[in-house]
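Let's take a walk through this protein together. Have the coordinates open, and we will go from one strand to its neighbours and then out to the surface.

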Amino acid sequence: MSKLAALPHISTRTMLSALTATALFSVASLSNAALFKNLPADQDAELSVGVNVMAVNSSYDLEDSTEVRVLPGIFYDNNKFYARGAQAGAYLVNDGTNELSIYAQPSGNSFDPDDANGDLQGLDERKLSAAAGLSYLRRTPIGGIRAQFDTDVLDRSGGNSGRLTYLARISKGKLTVYPSIGFEYHDADYNEYYYGVSDEESAETGVAAYKSNSSLNPYVSVSANYDFSDKWAGFANQSVSYVPNEQYDSPMVDSRTESATTLGLLYKF
């Protein structure tokens, strides 16, 4: 029985790896065939480095649901490689209208049972992971449409995630605002690791066992950048995500929303 139960998981991971490899090979071949007129490398690309202070309001049932993090911030894009905050990537296609890239970034949530309420303190820790994947952006006169798909490369959850986002840009003087809205998909493996409660954990703690399915999380985000001078800029972001039933029904969760507020200061080289 255990071998039969493992087959769908192995088959899915193998299929996704094969599809990703095929996509990368196909795109590289098309690019080399000069079907896309990729932009040349920008020799004058500007590097911005700074520090971000992030207040994350988790949906987990914690004694203090707000966690403050101090993170480095790096922004750079020379039409071949880019870094945007915590995400770094390389373009496979970049012709000014279409952008296809491979990327890596932190992923997942962190759950420290020492910070949890009641019997949740007996559960296992859930750790942040790292994801790698593909991103496609199509620029239009009314904004951009971006689709992303990535997988947990550290195999903490063994899960996969996807995002479909509409992005806009509004500029006035030294201020630039980037509103966005979209949906984030998490598969059952991802949700099971971060929100599931195993039978063993339930027996040890008294917390009800819970098995999750895949989910679709709608979210909105607004980022802003203000140039104080030629060298200094301020950065801010506010994002809010709705927690769907597949996550909210977990005994580990007590909120329908997750949010993050970020303030940062950047120095331009």
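Is Lys268 buried or exposed? Keep in mind that this is a predicted model. With a relative accessible area of 10%, Lys268 is buried, since buried means under 20%. Its partner is Asp227: the two form a salt bridge in which the closest N and O atoms are 2.5 Å apart. Asp227 belongs to strand E11 (residues 215–227) and Lys268 to strand E13, so this pair ties together parts that are 41 residues apart in sequence. Asp227 itself counts as partly exposed, at 24% relative accessibility.

Strand E13 deserves a longer look. In a regular strand the side chains alternate between the two faces of the sheet. E13 spans residues 257–268, and its side chains do alternate. Glu258, Ala260, Thr262, Gly264, Leu266 and Lys268 point to one face and are buried, while Thr257, Ser259, Thr261, Leu263, Leu265 and Tyr267 point to the other and are not buried.

Which strands pair with E13? Strand E1 (residues 48–57) does so in the antiparallel sense over 10 bridges, and Val49 has Tyr267 of E13 as its bridge partner. Strand E12 (residues 232–242) also pairs with E13 in the antiparallel sense, over 11 bridges; here Tyr242 is matched with Thr257.

Back to the charges: a search of the whole structure finds seven salt bridges. One of them joins Glu67 and Arg69, with 3.4 Å between the closest N and O atoms. Glu67 is partly exposed at 37%, and Arg69 is partly exposed at 22%. Arg84 and Asp77 meet in a salt bridge at 3.7 Å, N to O. Asp150, Arg163 and Glu184 are linked in a network of salt bridges.

Now for the helices. At the start of H2 (residues 188–195), a side-chain oxygen of Asp187 comes within 3.3 Å of the backbone nitrogen of Asp189. The buried residues of H2 are Tyr190, Asn191, Tyr194 and Tyr195. They cover an arc of only 90 degrees around the axis, so they sit on the same side of H2. In helix H3 (residues 199–205) you will find Glu204, which is exposed at 68% relative accessibility. The C-alpha atoms of Glu204 and Gly122 are 7.5 Å apart, although 82 residues separate them along the chain.

Finally, the surface. Ile142, Ile145, Leu164, Tyr166, Ile181, Val220 and Val240 form a nonpolar patch there, with about 620 Å² of accessible area together. Among them, Leu164 lies in strand E8 (residues 160–167).

Note on methods: Residues are numbered from 1 along each chain as its sequence is written. This is a predicted model: local features need pLDDT of at least 70, side-chain atom pairs count only at pLDDT 80 or more; totals for chains, interfaces and linings use all residues. Side-chain values use heavy atoms; hydrogens and water are left out. Patches are made of residues with over 30% relative accessible area and no salt bridge: like charges are joined within 9 Å, nonpolar side chains (Val, Leu, Ile, Met, Phe, Trp, Tyr) within 5 Å. Accessible areas come from the Shrake-Rupley method with a 1.4 Å probe; for residues, only the protein chains shown count as cover. A salt bridge is a side-chain nitrogen of Lys or Arg within 4 Å of a carboxyl oxygen of Asp or Glu. Helices (H or I, at least four residues) and strands (E, at least two) are DSSP runs, numbered from the N terminus. Buried means under 20% relative accessible area, exposed over 50%, partly exposed in between (1.4 Å probe, protein chains only). The arc is that of the directions from the helix axis to the C-beta atoms. A polar contact is a pair of N or O atoms within 3.5 Å; within protein, one must be able to donate a hydrogen and the other to accept it, and residues adjacent in sequence count only if both atoms are side-chain atoms. Two strands pair if DSSP finds at least two bridges between them.
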